[in-house]
Amino acid sequence: GRVKEMNTYAWPTVFGGAGGESERTRADIISTVEFNYSGDLLATGDKGGRVVIFQREQENKSRPHSRGEYNVYSTFQSHEPEFDYLKSLEIEEKINKIRWLPQQNAAHFLLSTNDKTIKLWKISERDKRAEGYNLKDEDGRLRDPFRITALRVPILKPMDLMVEASPRRIFANAHTYHINSISVNSDHETYLSADDLRINLWHLEITDRSFNIVDIKPANMEELTEVITAAEFHPHQCNVFVYSSSKGTIRLCDMRSSALCDRHSKFFEEPEDPSSRSFFSEIISSISDVKFSHSGRYMMTRDYLSVKVWDLNMESRPVETHQVHEYLRSKLCSLYENDCIFDKFECCWNGSDSAIMTGSYNNFFRMFDRDTRRDVTLEASRESSKPRASLKPRKVCTGGKRKKDEISVDSLDFNKKILHTAWHPADNVIAVAATNNLYIFQDKIN
Amino acid sequence: MEVQKEAQRIMTLSVWKMYHSRMQRGGLRLHRSLQLSLVMRSARELYLSAKVEALEPEVSLPPALPSDPRLHPPREAESTAETATPDGEHPSPEPMDTQEAPTAEETSACCAARPAKVSRKRRSSSLSDGGDAGLVPSKKARLEEKEEEEGASSEVADRLQPPPAQAEGAFPNLARVLQRRFSGLLNCSPAAPPTAPPACEAKPACRPADSMLNVLVRAVVAF
């Protein structure tokens, strides 16, 4: 992607928020967004345990200017609230993560997880139905056997497309703590799930067993100093995965070296800059997301104020650091008071790894072009999303005289946070979740 | 003085958040609890070191006390020594007096104070001689006092025993400690999102809060 393309995002499609953005129904809040491998499907999960899948319209010859818009394809309830009677705890139905499996036949498969249970869902289409059964009527009632005087072969007739979702596997009871990540392996047979202290390896076919591959729980919980915050498999090397910690470190592990990967193969940590050390610097260094580049050569981490790109061959420091909203550094005290300092932002790569994107507050999201080193701030809101118009770059005024169209730091709305964004694996199409609204922006230049 | 008040405010706020997070759906979150305890610890260190600095002109500490270069100002107004009530005062379970919610200036004071590099190390050995018995947690002394006061040592027992396997198993004790100590404070705080609980002006009479501090931090560590 080139710089120009970044500035010309338009064609917004907005889903959700029946009552407008001011009405925030808690169950509607989007908690995860994920494109599938082809980009034709986009899945979202919400706080109410629901999954909504959008499908891209096939561009056809009769409508050559059709932009490949996304429409609702399937909706289903993935998780329900549960109650753990042993601990007297409610288990939230909120979908923490969705990960697609590579497509192997006509059906689509995805993994969705809440705090405790991972489910494998099969999404399949049905566009034909059989008619002319012998034993039952058209409306399904059983026919009186004595009335059947002739045999016929049922014939398949077309019907309106129906998309069905059915749970194929339920992977439960393997996590004491809250699941923060799932990641499908490149072998397409296994996947990992990570909670605060442990990472488990599963086989997609086997639900009654999982292998614990990382365990950082100390013998004495009082000695706990860090937790696992995210984990991901390498996109090509099926024996390699990484996990990030609340201390701002990343460990790369090789499953070939030992069964329990408590000892890392590589340890990535940037030495702390003493001049920026502050009261809250320990908690803002916590990594909220880690993502490998598509190439597998780099990985990106998101902490509270920045995104960093790491070269897997260099453990001592990141090769790039991009400031997302550095103007918040002097506001950390207030952000601690209103709990915003605990917000977990995600980040994503574009298909060619030339650009990265992450969210911020006030429904702003940021894009960084790695080649030109330029960045842009865009806004996801109904007011600023007129069809066919380009998204206007936004600017936050950090001090001094506020120019026209700039927004001062103090007037940012910290309730409007963009935590989840996704980039199409090949095209310049992005999905941005703003509370309970999903914005899909496409590149103007085709 | 400013720094001390701010640190105290943040500690109170953190305790409130910890208590509040237990009520949330899905149970206590380990990561969040850890982050809160880290902030608590930083606030405590800041509070203690600010107190030491304030007391230095008055109390003749043994020369072995290291002057910590990390505590040098940019903090302002550290030279004004507070009048302190004796630390040996018997701690009573009063609600902690706290600062009002900060105005913009106070927030910047909070931010300005932070560049002073707060040491994470416990300076228990050097400080305990100075007559500041209440400043630093002294395990044995605390045990006896607690048992005197309440006759229950569940939170202490929690420290000494290996924690239960489940994450949430350790937390009920924390909540109980918080409930006991801060029921007055927490009941009068608004149900609204975490703002600092209503408070009165800090007076020298809030000195008893020091022992409250130690209980606070110990309760936090116990999880």
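Colleague: Hi! What does chain A average in pLDDT?
Modeller: Chain A averages a pLDDT of 90, and 92% of its residues score at least 70. pLDDT is the predictor's confidence in each residue, from 0 to 100. This is a predicted model, in which local features need pLDDT of at least 70, side-chain atom pairs count only at pLDDT 80 or more, and totals for chains, interfaces and linings use all residues. Residues are numbered from 1 along each chain as its sequence is written, chains are lettered from A and ligands numbered from 1 in the order in which they are written, and side-chain values use heavy atoms, without hydrogens and water.

Colleague: Where does pLDDT stay under 50 in chain A?
Modeller: One such stretch is residues 1-7 of chain A, with 21 contacts (heavy atoms within 4.5 Å) beyond four places in sequence. Residues 18-23 of chain A are also below 50, and that stretch has 7 contacts beyond near neighbours in sequence.

Colleague: Okay, sheets now. What is the order of the open sheet that has strand 2 in it?
Modeller: The order is 2-3-4-5 in chain A, four strands with antiparallel pairing. Strands (E, at least two residues) and helices (H or I, at least four) are DSSP runs, numbered from the N terminus, and two strands pair if DSSP finds at least two bridges between them.

Colleague: Which strands are at the edges there?
Modeller: Strand 2 (30-35) and strand 5 (70-77) of chain A, each pairing on one side only. Strand 2 pairs with strand 3 (residues 41-46) of chain A over 5 bridges, and F35(A) stands opposite L42(A) in strand 3.

Colleague: And what about the sheet with strand 8 of chain A?
Modeller: That open sheet of 4 strands runs 8-9-10-11 in chain A, again with antiparallel pairing. Strand 8 (97-100) and strand 11 (155-171) each have a single partner strand, so one side of each is left without a neighbour in the sheet. Strand 8 and strand 9 (residues 108-113) of chain A share 4 bridges, with W100(A) opposite L110(A).

Colleague: Switching to chain B: how do helix 1 and helix 2 pack?
Modeller: Helix 1 (residues 2-22) and helix 2 (residues 30-55) of chain B pack at an angle of about 155 degrees, with axes 8 Å apart. Axes are lines fitted to C-alpha atoms, for helices over the stretch in contact, and angles run from 0 to 180 degrees between N-to-C directions. The two helices of chain B are therefore roughly antiparallel (an angle over 145 degrees).

Colleague: Which residues make the contact?
Modeller: Among them are V3(B), A7(B) and M11(B) from helix 1 of chain B, and L36(B), M40(B) and Y47(B) from helix 2 of chain B.

Conventions
Parallel < 35°, antiparallel > 145°, perpendicular 65-115°, else oblique.
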